[in-house]
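The following paragraphs lead the reader through two interfaces of a protein model. Please keep the sequence and the structure in view while reading.

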Amino acid sequence: MKEDPQANGKSAAASVLGPNAVSIVLLVNGEAHALLVEPRTTLAEALRGPLGLTGTKIACNQGACSACSVWLDDLVVASCSVLAIEVGERRITTIEGLAAGEGLHPVQEAFIAHDAVQCGFCTPGMVMSCAALLAENPHPGEAEIQTAISGHLCRCGTYPHVIQAVLALAEAQGD
Amino acid sequence: MEDELPRRREKFPFGLAHLGLDEVEREIPADEPPPLAPNAELTQIGKDIRRWDARNKVTGAALYTVDVHLPGMLHAAVLRSPLPHARIRSLDLSPAAALPGVHAVLTVVEPPADGASMVLRYVGQPVAALAADTPALAEAALRLIRVEYEPLPFVVDLDGARRADAPIVYPDSEWQKSPSAGLPAAASDLPITGNIRGPESKGSRGDIGAGFAAAEIVVDGTYDTQVQTHCCLEPHAIVAAWHEDGLDVWMSTQFTAGVRAQLARHFQLPLSRVRVRAEAVGGGFGSKSQIGVYGRTAVALSRLAKAPVRLVHRRDEEQMDSGNRSSSEQHLRIGARRDGTLTAISLHSYGSAGIAFGAGVGNMVTALYRCPHVESRQYDVFTHAGPACAMRGPGNTQGAFALEQGIDELAEKLAMDPLALRDVIDPSPVRREERRMGAESIGWTRCQPPGADQGPVKRGMGMAQSLWSANVQTNAACELRLWRDGRVEVLSSVQDIGTGVGTVLAQVVAEELGLQPEDIQVRIGDTEFPSGPPSYGSRTTASITPPARTAAWQIKEALFRSVASAWQVDPQRLTVQDGWIHLRDAPQQRISWQEATATLRTDRISAVAGRSDDYAGFRSRSGDAAMALNDLGGVQFAEVAVDTETGVIRVERVVAVQDCGRPINPLQIESQVQGGVLMGVSYALLEERILDIHTGWMLNPNLVDYKLTGAWDTPQIEVILLENYQGFSATDAYGIAEPANIATAAAIANAVYNAIGVRMRSLPMTPAKVLHALGAVSGGPH
Ligand code: FES
Ligand code: FES
């Protein structure tokens, strides 16, 4: 794992830390970032603050809405409910790192095509859950999609279009 | 002023498209475009064009206020009242101010004019605020502020607040300083006795006694609706940067231009020195309409600290102190003759907006149905609870829950079908057609008598109607810029809170200019651009699309003049299509868009257009707000399954038939209607702010215990859109947000009755209430 001196410098300059700051390395979207964080810093805070990855949203900060969903290896987690210091060497994937290169992930394309986005605040988390579902099960049915997003809250009411978008992908993908 | 401008007469398409269109002649301002053809003849308008900002939103690139980070930015924290009613004996900010890293501390609660000590009136009311280097430091500094509270007697429930010996929220005339819940009907000069203010009786008419004397059938009932909170996923947020030249603000707001005006007034700055930006807004359902105490606090902290300040509500602050939908206790009586004609409607309602006023719910009973004698008496009951504010269809959503159940009850007594009764009493031809279409779609003929299903799970079907005025903001403008390199920009301060207004603007401009929506650069959410309308009152599309089209048309005319002078022809002979400008009568003479714009004399030309009056005039106007002659009717049908053993209601299907004039982007409208329906399902079954009557604290100030619909509670939703042309403006388009929410809970309640044969008159319809209503358990909730 390689340290990213730039990220390190940025974080040290940008924040005032408590007495017990801990030095950690986070592997985010394929890059290693060295950080100094207070033990109480959540993964969501670390991503949004020192790492500047604001695509991950905090809405409830309590594990109730899934707006902050990211992947730890292949697992979807609520990053507001994970401490940055407990991530260890697991690979973190955020919405910014979901698509490879310039293009979009198929789930992102489908969300656009089916208008599964309104205010968009819940959307990054919703996209991460749907992409994880499809990685595990390329042909989910409606009930499986509902289960996959059952922890997400969307006040704008995008659920029907989210389900439609993922169903369309499930049906389009060949084996 | 407008009357003095030259006008011309034009013929507009008129009527419901699916029934065949007529024509209507209107007189329109000479500088506005000719009538827009019906959607069937257009290429961009009426099409499911992709949302303009969807890419940014699915990649996480969209910038919300909570994502704004300015150099040197400080973090605010707010000290809030732990008591529902208290006098502040002493307040010492100095220990907090002395903490290194704290840059500004101030008192938020305002002292009464007479110099008496400050009084707090709800748990969560801001007392003081500060700005510090980090959020953690700010929270820590709050704990250093020393406050001595003198607890005072309080009351947070509606019944308690109405008792003669109830603790009084506002002594004497102090209530006049209380916030209005933001409803236009909230009159300010009503009598007050104890905590009860009113009645407000707008829309009352006739002689109610005579009306009931003439009735052959009377139904009456009492309906309760709960307090609902907005629950925008992006909390209320502001980043304020006070600097020598003025004020720069980022805010998660439904009205950038309105916030600018409020800030300019409050801080005595010229409008031109205040800039408000909102790039992406994470939802707004009424509560983000004003600058608010929190917004002013952030600005004051920034001025004091001489640094940018970020203030973002935690979720508990969001739940306790960012507004809510007021409650109601509605006593409804309806009198009718045997043929269904209504003779009298009386609605006495007591509602609490907490320390605010404006809890009236009288609009539905006074305006929805034909009835000669109507008595509306709307009382505000002050309680020691956080102030309500407008929320998606304010008043009408609560009102529909009672009125539409009352009408169904009447239909049953008259042995009439609920749809047939509404055909008799509802004057709206649009809703009549909506009822027909909705009934067909849901299969209304399958509707059984109440409680007919035999097993423990009983299914039922119901419907309800909505009414919302077609609102227009006249202070709404849009600029079109055309660059010599062919680029087109549409600019307005109007904000996109998730409605897709940016897409709609691109469509309207592209249609007029013969381009593609993706060719149009949408630049909105910034008060440096012409003032756009608010995103509330379902008025955004109606207010901003006509000026956008007018400005585009004016730019097109200017470009035609430029090309025509190069070609030495009459500009009238030019037209544009698919990116080519050509002669109408000789299409082979043509020039591409880029070549055409290269003929411009200057690098950039611009046209700014404002919202003119509706071509047939307005029904009413006050200040910048006007009401169009039409209403936005909607009818919703619901199918439910009620488990009579557990009391759980499942909404299985909703058919929503809606009118928003000319639909510009049906897919986005469908999204918004689904959102309105889901918020209605949530209101009907799950949501309720619960206050502890012993402490005044909210017991569910989070998203764990305050329940919202999730994917599993989502019914199958079918959206049917009318295409309704009236020739009222350059686009003839209206809003949809609120109409889509108003009828849902009422339709579900009627369906529940149809399923179990027992009326649910209290929201939310929880399993406990259902079981109690069925007599399956004794005692009772609530
Ligand atoms: S913000 Fe993490 S679950 Fe809501
Ligand atoms: S799109 Fe607004 S909360 Fe989901």
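**Two interfaces of chain B**

Between chain B and chain A there are 23 residue pairs in polar contact (both at pLDDT 80 or more). A polar contact is a pair of N or O atoms within 3.5 Å; within protein, one must be able to donate a hydrogen and the other to accept it, and residues adjacent in sequence count only if both atoms are side-chain atoms. Helix H1 (54–59) and helix H16 of chain B each supply at least two residues of the side that touches chain A, and H16(B) gives the most to that side, with ten residues. Helices (H or I, at least four residues) and strands (E, at least two) are DSSP runs, numbered from the N terminus.

This is a predicted model, in which local features need pLDDT of at least 70 and side-chain atom pairs count only at pLDDT 80 or more, while totals for chains, interfaces and linings use all residues. Residues are numbered from 1 along each chain as its sequence is written, chains are lettered from A and ligands numbered from 1 in the order in which they are written, and side-chain values use heavy atoms, with hydrogens and water left out.

In total, 52 residues of chain B are in contact (heavy atoms within 4.5 Å) with 45 residues of chain A. The size of an interface is often given as the accessible area lost when the parts come together. Chain B and chain A bury about 3800 Å² between them, with 60% of it on carbon and sulfur atoms; buried area is the accessible area (1.4 Å probe) that two parts lose on being put together, summed over both. Within chain B, Val58(B), Leu233(B) and Trp712(B) lose the most area to chain A, together 19% of what that side buries.

The two chains are also linked by four salt bridges (a side-chain nitrogen of Lys or Arg within 4 Å of a carboxyl oxygen of Asp or Glu). Asp67(B) forms a salt bridge with Lys57(A), and their closest N and O atoms are 2.6 Å apart.

A second interface lies inside chain B, between domain 3 (428–472 + 626–778) and domain 4 (475–612), whose bounds come from an automatic or database domain assignment. The centres of these domains, taken over C-alpha atoms, are 39 Å apart. Here 17 residues of domain 3 of chain B are in contact with 18 residues of domain 4 of chain B, and the area buried is about 1400 Å², of which carbon and sulfur atoms give 52%. Val472(B), Ile664(B) and Gln668(B) supply 34% of the area that domain 3 buries against domain 4, more than any other three residues. Zero salt bridges are found across this interface.
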